[in-house]
Amino acid sequence: MRHPLDPGWAQALAPCATQFQLIADRLGDLNARNVEVLPEPDNILRVFRQPFDRVRVLVLGQDPYPTPGHPMGMSFSLHRNVRPLARSLTNIFQELHDDLGITPSQHGDLTHWADQGVLMLNRVLTVTAGSPGSHRGLGWEEITQQAIEALVARGTPLVALLWGADARKTKPLILGGTNTAVIESPHPSPLSARRGFFGSRPFSRTNEFLVAHGLQPIDWELPQ
């Protein structure tokens, strides 16, 4: 876990200093046993290098893609050269097309969204290669809960896209603030996308919320 955090995030997550050290020790133990941890060390905390004060949309995921070379430290986002795209991301792009008419992207790098204040946060920030969900209970949940609570506590407009059961458990944290909204649905994975993710219109609804609060809408179309 390298690189300094954005100053706003450093302050917001300061209460988690002991938890960060505990996780670092646990990851060190895994590395000592030659267990491959994803994403790469430089990208584990990448999401917290985004400016804390500029976050206006939260996209909450579960944990990183478990395939080496795929995760890049932002939920659902892939390194630009990854093909084929993850099926969850393909479904996200399909819903984006159905919602706003945007042609599905040929790559999965969502940095363009992040640059506009969309925080793509996983509940758990690491995973063992080839083993989805393997780092649940490692300690990340406490840190990401602190991150969510800090965003809400700012009191500035925030819309949260909660996709899937894990993400939806955080709904009370978000709705406890002012100027916050939740758009929730099943996860976009192939196992659940047709049970309510498709047709949920999260992108247009997010922009409606932002405009209603005097903010610029998100340009969801990714540069090719």
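In what order do the 4 strands of the open sheet stand, and is their pairing parallel or antiparallel? In this predicted model, the order is β3-β2-β5-β6, and the strands pair in the parallel sense. Strands of a sheet pair through backbone hydrogen bonds, in either a parallel or an antiparallel arrangement. The edge positions are taken by β3 (118–122) and β6 (180–185); each has a single partner strand, so one side of each is left without a neighbour in the sheet. From one strand to the next, the twist averages 20°.

The pairing can be followed strand by strand. Strands β2 and β3 are parallel and are joined by 5 bridges. Within this pair, Gly 61 stands opposite Asn 122 of β3. At the other edge, β5 (residues 158–163) runs parallel to β6, and 6 bridges join the two. Here Trp 163 has Ser 185 in β6 as its bridge partner.

Helix α5 (residues 140–153) packs on the sheet and touches β2 (57–61), β3, β5 and β6. The direction of α5 makes about 155° with that of β3.

Strand β3 stands at an edge of the sheet, yet it is mostly covered, with 5 of its 5 residues buried. A residue is counted as buried when its relative accessible area is under 20%. Both faces of β3 are covered. Val 118, Met 120 and Asn 122 lie on one side, Leu 119 and Leu 121 lie on the other, and all of them are buried. Asn 122, buried in β3, is also the residue that Gly 61 stands opposite.

Helix α5 also meets a second helix, α2 (residues 17–32). The axes of α2 and α5 come within 9 Å and cross at roughly 145°, and the crossing is left-handed. On the α2 side, the contact involves Gln 19, Phe 20, Ile 23 and Leu 27. These residues meet Trp 140, Glu 142 and Ile 143 in α5. By type, the residues of this contact divide into 5 nonpolar, 1 polar and 1 charged. Helix α5 thus has contacts with strands of the sheet and with α2.

An annotation is also available for part of the chain. An unreviewed UniProt entry gives the annotation "domain: Uracil-DNA glycosylase-like" for residues 48–210. Over residues 48–210, the chain is 31% helix and 15% strand. The end C-alpha atoms of this stretch are 22 Å apart.

How values were computed:
Residues numbered from 1 in each chain as written. Predicted model: local features only at pLDDT ≥ 70, side-chain atom pairs only at ≥ 80, totals over all residues. Heavy atoms only, no water. Pairing = 2+ DSSP bridges. Axes fitted to C-alpha atoms, helices over the stretch in contact; angles between N-to-C directions. Contact = heavy atoms within 4.5 Å. Left-handed = near helix turned anticlockwise from the far one by under 90°. Nonpolar A, V, L, I, M, F, W, Y, C, P; charged D, E, K, R; others polar. Buried < 20%, exposed > 50% of the residue type's maximum accessible area, 1.4 Å probe, protein only. UniProt positions renumbered as here; feature names shortened; annotations may be inferred.
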